[in-house]
Amino acid sequence: MEYERDLEAKIEKRLFERGKIIVIYGARQVGKTTLARKILQKYGDDKGFFNCEDITVRDALSSQSASMMKAFFGDSKVIVLDEAQTVLNIGRALKIFVDAYPEVNIIATGSSSFDLANKINEPLTGRHYAFFLYPISFNEIAKVSGNRKLFEDLEIRLIYGNYPEIVNASSVEDMRDKLKSLTTSYLYRDVLKFGNIKNPDVLTNILRALAYQVGNEVSFSELAGLVGVDKNTVASYIRLLEQAFIIYRMRSYSNNMREEIKEGRKIYFYDNGVISALTDNFSGALVGRDVGGLWENLMLAERMKYNQANDLYKNLYFWRMKSKGEIDLVEEHDGRLSPFEFKWNKDKASASAYSFVENYRSEPLEIINKSNFVGFVR
């Protein structure tokens, strides 16, 4: 099934601005190519699609000659450059081309920000729009199948996640096989290629350790001890994994109250299925699973998708006291604080969690559970 992506209309709105380039970021296999091709078919044709992992495409872009690039691309008015991060000096090449041919509309996709962000931002300052594509959102599923489908498949999404080929898989066995393939063949490709990783096993061990403690605060020193490397190596690998859009970090919220955790960090995954594949645990009954951590990870990812779809620019934090009192999510928006707790089965938080509302005069604390989550994610 093909889902209408929430980004589609946002990209189309900016597509025909003269002299501007569209950049779509996102992890491998989240649907960037499918989305770009769909837009291309509406406003151009297949002749405008170029896979930058093809050496002939890379050579044309690496020429740094506007006329040579134009001869290679032909008369297409809409051009898709898929996996553009594989091209050396891609930002400079695009600047040269768009300066010479501002009437041509370019969509560049990238599954990592190693080269694409670094080499586009400076040459193309003020000349491009960047969009981030997540895995399929609950809102995108519900637009096709209704809210009831979200409740019916909630445990499936909790375990197997929302990558497009997973959502469209024919069985849980198919989901499991595809997730294992994704995490071994595709997801880390850019990390290994651009990050100059000398020991891939260390990378996998760090990811596995993060998967087991999702929802908990992360200590780089403890991770280093677990995987047998130094703290700086752990920090470096985590930055690479963030640049490949596999994980993201969340900082603790603090207003300098004496008992607050001021410099804590949590690390989450953009998709729950990756957690299951890394821990090799696809238990359908959630036996032996950290349901709380999975639920927290899922709801945070869906909330970020919701905020993006609705153009809500919010700062996201967690909050914790040194003794007792913790909030899973604090959203900061227009000077207001909104606290949320994620409880798979419960409708109440601990009494200490409510101290945040009192101390900060925030919005009322909301408990998001499997019965009331729809209003939180769409």
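Which residues touch the most other members of the largest nonpolar core? In this predicted model, they are Leu 81, Ile 246, Phe 269, Met 299 and Phe 373, within a core of 116 residues. In soluble globular proteins, nonpolar side chains tend to be buried together.

**The nonpolar cores**

Met 299 illustrates how such a core is joined. Leaving out residues up to four places away in sequence, Met 299 touches Phe 138, Phe 342, Ile 368, Phe 373, Phe 376 and Val 377. Apart from the largest core lies another one, of 13 residues, which includes Tyr 317, Val 330, Leu 337 and Ala 353.

**The five-stranded sheet**

Five strands form an open sheet with parallel pairing, in the order S2-S3-S4-S1-S5. Its edges are strand S2 (49–51) and strand S5 (128–132), each of which pairs on one side only. On average, and with direction ignored, neighbouring strands of this sheet are turned by 20 degrees against each other.

Strand S2 and strand S3 (residues 78–82) run parallel and are joined by three bridges. One residue of S3, Leu 81, is the bridge partner of Phe 50. Leu 81 is also among the residues that touch the most other members of the largest core. Strands of a sheet pair through backbone hydrogen bonds, either parallel or antiparallel.

**Two residues compared with the cut-offs**

The table lists the accessibility of two residues.

| Residue | Relative accessible area | Class |
|---|---|---|
| Ala 100 | 41% | partly exposed |
| Gln 213 | 17% | buried |

Gln 213 counts as buried because its relative accessible area of 17% is under 20%. Ala 100, at 41%, is partly exposed because this value lies between the limits of 20% and 50%.

Ala 100 is part of helix H5 (residues 90–100). Its C-alpha atom is separated by 9.8 Å from that of Ser 65, although the two residues are 35 residues apart along the chain.

Gln 213 is located in the loop between helix H13 (200–212) and helix H14 (220–227). Neighbours within four places in sequence aside, Gln 213 is in contact with Val 218, Leu 223 and Leu 226.

**The largest pocket**

The largest pocket has a volume of about 790 Å³. It is lined by 25 residues, of which Tyr 134, Met 304, Gln 308, Leu 312 and Tyr 313 are the closest to its centre. Several elements each supply at least two residues of this lining: helix H1 (7–15), S5, strand S6 (247–252), helix H17 (291–309) and strand S8 (315–320). Strand S5 is thus named twice in this report, as a contributor to the pocket lining and as an edge strand of the sheet.

Conventions:
Residues are numbered from 1 along each chain as its sequence is written. This is a predicted model: local features need pLDDT of at least 70, side-chain atom pairs count only at pLDDT 80 or more; totals for chains, interfaces and linings use all residues. Side-chain values use heavy atoms; hydrogens and water are left out. A nonpolar core is a set of buried Ala, Val, Leu, Ile, Met, Phe, Trp, Tyr and Cys residues joined through side-chain atoms within 4.5 Å. Buried means under 20% relative accessible area, exposed over 50%, partly exposed in between (1.4 Å probe, protein chains only). Contact means heavy atoms within 4.5 Å. Two strands pair if DSSP finds at least two bridges between them. Helices (H or I, at least four residues) and strands (E, at least two) are DSSP runs, numbered from the N terminus. Axes are lines fitted to C-alpha atoms, for helices over the stretch in contact, and angles run from 0 to 180 degrees between N-to-C directions. On a 1 Å grid over the protein atoms alone, a cavity is a set of points where a 1.4 Å probe fits but cannot get out, and a pocket is an open set with protein on both sides within 12 Å along at least five of seven lines; lining residues have an atom within 4 Å of a point. Grid points are joined across faces, edges and corners, and a volume is the space filled by probe spheres set on the points.
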